[in-house]
Amino acid sequence: MNFFKQIQLANYRNFENYSINLNKDCNVIIGKNGSGKTNILESISLFEKGRGFRKEKIKNLINNKSSNKLFKISSIFINNANEIDLKISNGIYEDKFIKKITINGSDTSESIKHFETLFSIICFLPEMERFFLNSPALRRNFLDKLIYGADRDYLKILNKYNKSILERNKILKQSNYDLDWIKQVEIDIVKLGIYIFKKRTEHLEILNSILLSLNQTYTKYYQIELQTFDNFVFNINSSFEEIQSSYLLKLMESRNYDSILGGCKIGPHKSDIFGINQSQKLNINQLSTGQQKTVVLLIIIAQCKYLLEILKRKPIILFDEVCSHLDEDNRSLLLKLIDSLNVQTLMTGTEKNLFSFLSTKASYCNISEQQK
């Protein structure tokens, strides 16, 4: 069993000093709006690469009422009965605030990389209430996080791709640019972009296969098929050379357009994800808010099963305000998720009665009372 046993926050967000103990099953954090419930979940998400699920600047994580410019997140992580000491703090590198992480006192890339293989974090955030009606960026980011949970090298590819897009933008702003230079940058964009296109397609195929198997176990009303939509269409079974040639041509043709409007007209950063409920032959964006929430919960279950059964990796699920507008079907689905998958979950809400459907295994913490 892998789980966070304890979280200690010092000078972090609205907390000066705060500690919370967690169990390996379901943990419910109760508190008034603004009490810091989401901040606790965010602190856990920071133990993965990046800036947490809010993608906040590191300097903004420091308690703004304190003169101390250093925050610290400490945790005890249990891995097969072994305790791992974790710490996150901020540092300054080249006049920029950066995140520093240590694993049992070590900050080597080897120790951090090993820790990353032990768990994966899956987040449900309030903006997912209308997941398939929200911005394409939300859906892309959600899918990319799921892929990263399975393939820890995926984030490096995304970062390299985004840097190459920015480099191309800088070149296009020059009145006379080196054609060989921009061609090489576009070749890099194409190689990385094709990799991202294919990883997204492959991961959706995995999820679709598991979603199909979930139909009888969790709900008989949904037969979900997820797909990507791109402004650059290619046959995934085509040779790399064919796809590369077509992709490069499109980039070259869009140089004038991109030089005027900025950005890049085509590529995986423009992709969208949509879904069809095959049982009703409806696009999921036509379903109600509650039904869309059901679909997201089913996707989370599918991702958990993939990690647990295929990759043998324990996910940890963060549910922020998931119980708002929760109908009976979704309460039942959420309970099945928590009871059957045997993974650590953390949930937040304003009132305890919102979680009355949970089993007695749930542990409750009212942070508003602790802060009095």
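How many helices and strands does the protein chain have? Show it as a cartoon and you'll find ten helices and 13 strands; these are DSSP runs, H or I of at least four residues for helices and E of at least two for strands, numbered from the N terminus.

Before clicking around: this is a predicted model, so local features need pLDDT of at least 70 and side-chain atom pairs count only at pLDDT 80 or more, while totals for chains, interfaces and linings use all residues. Residues are numbered from 1 along each chain as its sequence is written, and side-chain values use heavy atoms, with hydrogens and water left out.

**Whole chain**

Zoom out. The radius of gyration is 22 Å, close to the 21 Å that the globule rule gives for 372 residues, so the chain is as compact as a globular protein of that length. That radius is taken over C-alpha atoms, and the rule is 2.2 Å times the number of residues to the power 0.38. Along the principal axes, the C-alpha atoms fill a box of roughly 65 × 55 × 35 Å.

Now colour by burial: 51% of the 372 residues count as buried, meaning under 20% relative accessible area with a 1.4 Å probe, protein chains only.

**A sheet to select**

Next, pick 224-229, which is strand S8, and 282-283, which is strand S10. They are the edge strands of an open, antiparallel sheet in the order S8-S9-S10. Two strands pair here if DSSP finds at least two bridges between them.

Add residues 272-277, strand S9, which pairs with S8 over six bridges. Finish on Leu 226: opposite it, in S9, stands Gly 275.

Definitions and conventions:
Buried < 20%, exposed > 50% of the residue type's maximum accessible area, 1.4 Å probe, protein only.
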